[in-house]
Structures are given as C-alpha cells and as structure tokens.
Amino acid sequence: MQFKSQAVAKPYFIAALGLFIGQIILGLLAGFEYINGTALFPYLHFNMARMSHTNLLVVWLLMSFMGAAYFVVPDEAQTELYSPKLALATFWIFLIAGALTILGYLTMSYSHLAAATYNALWPTMGRGYLEQPLPTKIGIVLVMLAFLFNLTMTIIRGRKTTIGVLLVASMWGVALLYLPAFYFPVDTVKDSYSWWWIVHGWVEGDWELVPASLVGYIMLKTTGVDREVVDKWIYIIGAMAFMSGFLGIGHHYYYIGAPAYWLWIGSIFSALEPVPFLLLIVFAFTTIRNRRRDHPNKAALLWVQGETIMAFLGAGVLGFIITLAPVQYYAHGTNLTAAHGHLAFFGAYVMISLATISYAMPILRGREANSIAAQRWEMTGFWVMCVSMLVIASALAAAGLVTIFLQRYTANPLPFMEVQQKEAVFFWIREIAGLGFFTGLLIYLRSFFVKGGYNYAAYAQQAMSTR
Amino acid sequence: MQTIFTKAMARNVFLGGAGFFLIAYLALSYDTWQQIPKRDHANLITPAVAEGKYLVDTNDCMGCHTINGEGAYYAPELDVSYKTYGPAFIRAWMMSQPTGAPGRRQMPNFHFTQDQLTDVIAYLQWVGNINTNGWPPNKQG
Ligand code: HEM
Ligand code: HEM
Ligand SMILES: [Fe+2]
C-alpha cells in the first residue's frame, strides 16, 4: 500500500461483508416464506424480509464501492486522500443509519415506520429499493456528498487518470441518479417512469463504469498491461453501455402506461445491452492471457474472470432472453425477472466487489497476497457461491416459465396462487441452493482468518519439486 | 486496437455517444410526459384515488404484489383486481385477512377504516384503466 490513507477502505470492506451476511439471511427467510407462508408470518411479513434483503444489498454494494474508491483513487491520483477523518466519519454515519433503517423494517409495520418518520410531510416511501424513510434518504444524500467531496478534492490535487476520473464520475452518477427518490408523483405512470431512472439508470448505466474501471485497475496492477490499452477498453465498454442503456430503459416502459413507441425503441436498444458485458469478458481474458507477470493473488484473478462471465450470463444472456417486447408481454413481473435480477446483480456487482476486496484486503493487511491456504478457502467459496447462484437463477427461471405457460400464454389461464402451488418444487430448490450459497459465503469468510501472507520461498520450492 | 484507434478517439466515442443518447432520451421523455395524462386518465385522479395510492405505498403493497408488473412476485397482480373481482369482493377480502390457512401465503390485515378501503379500491380501479398497451394478457394478471 503506497498511501497511508488508503487504509480507510478497510472498515468499508469489513462492514460490506457483514451486511452481505445479513442480506443472505433475510433472503433465506423470504425464500422460506415462499414455501411456508404461515410459520414466520406472526413475526416477519414477507415484504419486511424482502425489503431488508434488497436494501441490505444496495447498502453493502454502496459500502464496497465507497471502499473501492477510497482504495483506488489515492493510488491512481498518486496523493493521499483529501480527508481520511471525513471518510471515517461518513463510514460510521452510513453504517449506523443503515442499521437503524433495517431495524425499523424488521421491528415495526411499514405504515408505523412511515408515520414515525413523518412520511406524510413529503411522501417518498413505498417504492422498490427506495423503501427508506425520509430521514434515511436525506442521510444517504449527505453521506454521498461528503464522500464525493473527499474524492473529488483528492483527484483535483493529484494525477488525473482515466480509471480514477471515471470511478469518481460514476460515484457522482450514483448520487445524482438517487435524487429522483425525492420525486414521488401521485400519477402512477410518472411514478414508475421516473423510478426506473434510478434502478435502470444505476444497474444498466452508471454502475457499469464501476466493473469497467475496477477490472481495469486490477488488470493494471496484476498483469503488467499498458495503461493506454486499459484506458481504451474502459472507454469503449463505457461507450457501449451508455449508447445501448440510455434508450434501453425503454424495456421497462412497454406495459406500464407509456406510449407504444417504446416497444420498438426499448427492444432495439436493450438488445444491444449485452455488448459491454461481452467486451468486459474479452478485455479480462485477453489481458490475463497476455500478462507480462504472474501475480501471486490467484484468487483475485479468479474473481475478476468469474465476474465477467457471471455478469454476462445474468445481465447479457438472461437479460436478453426477457428483454424483447413480445417476450416481456408474458415474462413481465414473473420469477424470470427475479432469476435475471439475482444472477445479474450477483455477477456484475457482488462479484466486482468481492474481486476488489480480494485484491485490496491482503494489501490493506500488509502483504501482496494471502497464503496459499487462505486463497484455497477463498476460491472454494467462489465456486460454491457461483454454482449455488446458478442453481437459484435456474430454479427461479423454471418457476417463471411455469407461470408463463399456465397463467399467461394459454387459452385457459389459472389463478396466480394456484400456479404458485405448482411451482413449489422450484421454490424448494431455490431455498436449498440458497443454503448452499450461504455455506459458500461462510467458506469465503473463513479465508480471512487463515493467518500469514503469501510465502514466496515455499511456493518456489514447491514449484521446483513438482516440476 | 493498438495504434490506429487512439485513446483520444475512444474517449470521444464515449463522451459523444453518451451525450447524443442522453439528449435523445430526454427528447423522447418530454413527449412521453405529454402523453401520459391522456393514457392514464390523469383527470380521474380524485382525492380518493390519491389517498388510496398513499395507503398502497405506505403499507408496501408492492412488497408482495405487482402493480402493472412491478413490485414483488409473492402475490397476485393488482392491476386486474378491480375488473376481475369487483369492489365488494376486494373490500371483504381485505377485511378478512389473514386467512390463517395452514402453510398458505398470508396477507396481513391493515386495519383500514371503511373510508380508507373505499380509497384503496378507487385507486385500484383507476390503475386498472391505464392504457398499458394491452397488458396483462388476461384477467389472471
Ligand atoms: C448488471 C446489470 C443488470 C442488473 C443488475 C439487472 C437487474 C435487474 C433487476 C433487479 C430487475 C428487476 C427490477 C424490479 O425489481 O422490478 C431487472 C429487470 C429487467 N432487466 Fe435487468 N439487470 C441488468 C442488466 C440487464 C440487461 C443487460 C438487460 C437486457 C439485455 C436487462 C433486461 C431487463 C428487463 C427486460 C427487465 C424487466 C423485467 C420485468 O419487468 O419483468 N437487464 N433487472
Ligand atoms: C441465499 C440466497 C438468496 C435467497 C434465498 C434470496 C431470496 C430472495 C427472495 C425470496 C426475493 C423476493 C422475490 C419476490 O419478490 O418474490 C429476493 C429478491 C431479490 N434478491 Fe435475493 N436471495 C438470495 C440471494 C441474493 C443475492 C446474492 C442477491 C444479489 C446478488 C440478491 C438480490 C436480490 C434482488 C435484486 C431482489 C429483487 C428482485 C426483483 O425484484 O426482481 N439475492 N431474493
Ligand atoms: Fe433495465
């Protein structure tokens, strides 16, 4: 670690992983309510578990993005962070506000939470991912502003690289795109239309710069590739993401009340959205194949490669399958959407977070890479989580298909609840695979408790003797 | 990719492409904004409909249900509920929750007053009349 202030990334990463555990536990509880609707009902309504699950996801991803930015930006700018103290203060504010909000979700009914936080003064509550009460929303904006001020001042004082500038720009995008959360028209169509500015604008626009620049950064650090080459790739990936994604948002406007021209515009442009994800694969794999040096952190490279593949499968393949207007007509709002949401979020954003943590954490703990034993735990966790997530997505996709053929694309449509009962087997598979995912997460976390760094001498000796 | 295609060119494609498509999106959105009030009969958003939406939002109906396909997939689509079941059934349904049927997914009782139930139903009726390009495919949602 070249700059002392990069160390502020560490609490962000640790808290992110802690919240990740919470996210998965609540996902398991929500998944359980799918197969048994009464056991938990007196204590935890499905929607409480669900909003805690999705909000924890967003909060921990933001935590890890912030940690990544605090780690990468000083290094790229070649200067200390503008204010490490401010970074630590915002860390605690963000963590405590986040924890209190989740506690609010889990301990009281949503209407009580709304009343207790004076939602009626300026209604913002009740939209997916944006369930936060008004004080939390304001807190998020203030924390983001402090974070952006800190990063921007750092970049202004230091070297302006493509990676650094784009990472900071994408964080500005995160904050700006969150602002429509305060705009909540009574007109439901305008409400949905603007809600997608945040959700689609984040995951299929602005956030795509995060994996692009972080994969670029890790490639730069581990393979000895030229910066010039990395920069070109990042720009091209970003260009493809924005050129397809800005109008690709139309795939959410087909059937919510917006005009019919979105059927065409949304289909054509969202069909191109897989391209940046494909380019990310080509970028990572060719760069690693042409590497000029071998970095001892094999686990980080595995995460990077896995992230590009899984993001492509989740966003590129599953996203494409459901994105054309005639398909959406039957798939809209089924568990096929959830299948896609899970695999895409995991592949693109969970895995880029874990890849960055994998690269940065050993350095933050004073070594270039972890011991072989620790990396073995980490890579086992990688495989168990990836395979489990593929099973989860497949089970949800199967459930979605059953809905399509029994409830929608049929001359004799059955009622929703009747169809859901026929899908029970898939919800069981999802839950069991979810337990597998949780096990994978624990295996992964175990790797942090294996002591010691990478032992170059022992490794060289072992390599010699097996030759 | 090496020499002919320079980094400056890549950056210009990025900035130019992003700028162009942002403007295209804003122009289309402006047009959409003009059309929405006609397509969703915004003139029929009475105080009861608005109050109904507030109740739907602050009780997180979309934490279990979809409305126009958005929300959660745990419980049925609400866009069709008014047309499929009618106001009297919806009122009775909301008042009789939860069913307590063993193992079956449960819907909470929100303890709405009769007036509040009227508002929620007014909102569902309004939502059901939005021109959604023919979605959902049938009355099961
Ligand atoms: C990493 C990138 C992506 C992530 C994290 C992601 C995530 C999601 C999530 C969570 C939803 C559900 C939103 C809700 O709660 O209603 C969704 C919906 C959707 N996504 Fe993506 N997505 C990504 C990329 C893509 C791409 C590239 C495509 C198209 C090729 C796509 C097509 C769709 C469509 C059509 C829907 C609407 C489904 C429906 O309304 O039933 N997504 N996405
Ligand atoms: C143990 C593993 C998991 C289980 C059992 C689980 C379960 C669930 C359940 C039951 C829902 C609600 C679906 C509905 O509305 O009916 C949900 C939603 C969601 N979960 Fe998970 N989840 C798990 C892991 C994850 C992971 C790792 C991620 C992120 C990568 C994630 C992201 C999401 C998202 C984005 C939604 C909203 C989806 C949508 O609206 O389409 N989940 N999850
Ligand atoms: Fe989208």
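How far is a nitrogen atom of ligand 2 from an N or O atom in the side chain of His53(A)? The answer is 2.7 Å, and the views below start from that spot in what is a predicted model.

**View 1. Polar contacts hold the eye at ligand 2.** Besides the nitrogen atom of ligand 2 that sits 2.7 Å from a side-chain N or O atom of His53(A), there are oxygen atoms to look at. One oxygen atom of ligand 2 is 2.5 Å from a side-chain N or O atom of Tyr34(A). For Arg50(A), a polar side-chain atom is found 2.6 Å from an oxygen atom of ligand 2. Five elements of chain A each give two or more residues to this shell: helix 1 (9-35), helix 2 (46-77), helix 14 (335-364), helix 15 (372-408) and helix 17 (424-446). Helix 1 of chain A makes the largest contribution, with 7 residues.

**View 2. The whole shell around ligand 2.** Zoom out a little and you can pick up 27 residues around ligand 2, the closest being Gln23(A), Tyr34(A), Arg50(A), His53(A) and His342(A). Because the surrounding residues come from chains A and B, this site is shared between chains. Sorted by class, the shell has 17 nonpolar, 8 polar and 2 charged residues.

**View 3. The iron atom of ligand 1 and its protein donor.** What is the only protein donor of the iron atom of ligand 1? That would be His340(A), which uses NE2 at 2.0 Å. His340(A) belongs to helix 14 of chain A. If you want a second metal in the frame, the iron ion (ligand 3) is 4.4 Å from the iron atom of ligand 1.

**View 4. Around ligand 1, between two chains.** Ligand 1 lies between chains A and B. There are 28 residues around ligand 1, and Tyr129(A), His332(A), Gly333(A), Thr337(A) and His340(A) come nearest. Three of the distances to oxygen atoms of ligand 1 are worth labelling. The side chain of Thr337(A) has an N or O atom 2.5 Å from an oxygen atom of ligand 1. For the side chain of His332(A), the corresponding distance is 2.7 Å. Gly333(A) takes part through its backbone, with an N or O atom 2.7 Å from an oxygen atom of ligand 1. Helix 14 of chain A provides the largest share of the shell, 7 residues. Helix 7, helix 11 (274-289), helix 12 (298-323) and helix 13 (325-331) of chain A are also among the elements that each supply at least two. The class tally for ligand 1 reads 15 nonpolar, 11 polar and 2 charged residues.

**View 5. The iron ion (ligand 3) and its donors.** His200(A) through ND1, Glu204(A) through OE twice, and His251(A) and His252(A) through NE2 coordinate the iron ion (ligand 3), at 2.1 to 2.6 Å. Along the sequence, these donor residues follow the spacing H-x3-E-x46-H-H. His200(A) in helix 7 (residues 188-203) and His251(A) in the loop between helix 9 (227-248) and helix 10 (261-270) link distant parts of chain A, 51 residues apart. Both of these histidines are buried: His200(A) has 2% relative accessibility, and His251(A) has 11%.

**View 6. Gln140(B) meets chain A.** Gln140(B) is in the segment after helix 5 (114-128) of chain B. Is Gln140(B) buried or exposed? Gln140(B) counts as buried because its relative accessible area is 13%, under the 20% cut-off. Neighbours within four places in sequence aside, Gln140(B) is in contact with Gln407(A), Pro413(A), Leu414(A), Pro415(A), Phe416(A) and Val80(B).

Conventions
Residues are numbered from 1 along each chain as its sequence is written. Chains are lettered from A and ligands numbered from 1 in the order in which they are written. This is a predicted model: local features need pLDDT of at least 70, side-chain atom pairs count only at pLDDT 80 or more; totals for chains, interfaces and linings use all residues. Side-chain values use heavy atoms; hydrogens and water are left out. Helices (H or I, at least four residues) and strands (E, at least two) are DSSP runs, numbered from the N terminus. Buried means under 20% relative accessible area, exposed over 50%, partly exposed in between (1.4 Å probe, protein chains only). Contact means heavy atoms within 4.5 Å. Donors are N, O and S atoms within 2.8 Å of the metal (3.2 Å for Na, K and Ca); water is not among the atoms, so sites may look incomplete. A residue is near a molecule or strand if one of its heavy atoms lies within 4 Å of it. A polar contact is a pair of N or O atoms within 3.5 Å; within protein, one must be able to donate a hydrogen and the other to accept it, and residues adjacent in sequence count only if both atoms are side-chain atoms. Ala, Val, Leu, Ile, Met, Phe, Trp, Tyr, Cys and Pro count as nonpolar, Asp, Glu, Lys and Arg as charged, and the others, Gly among them, as polar.
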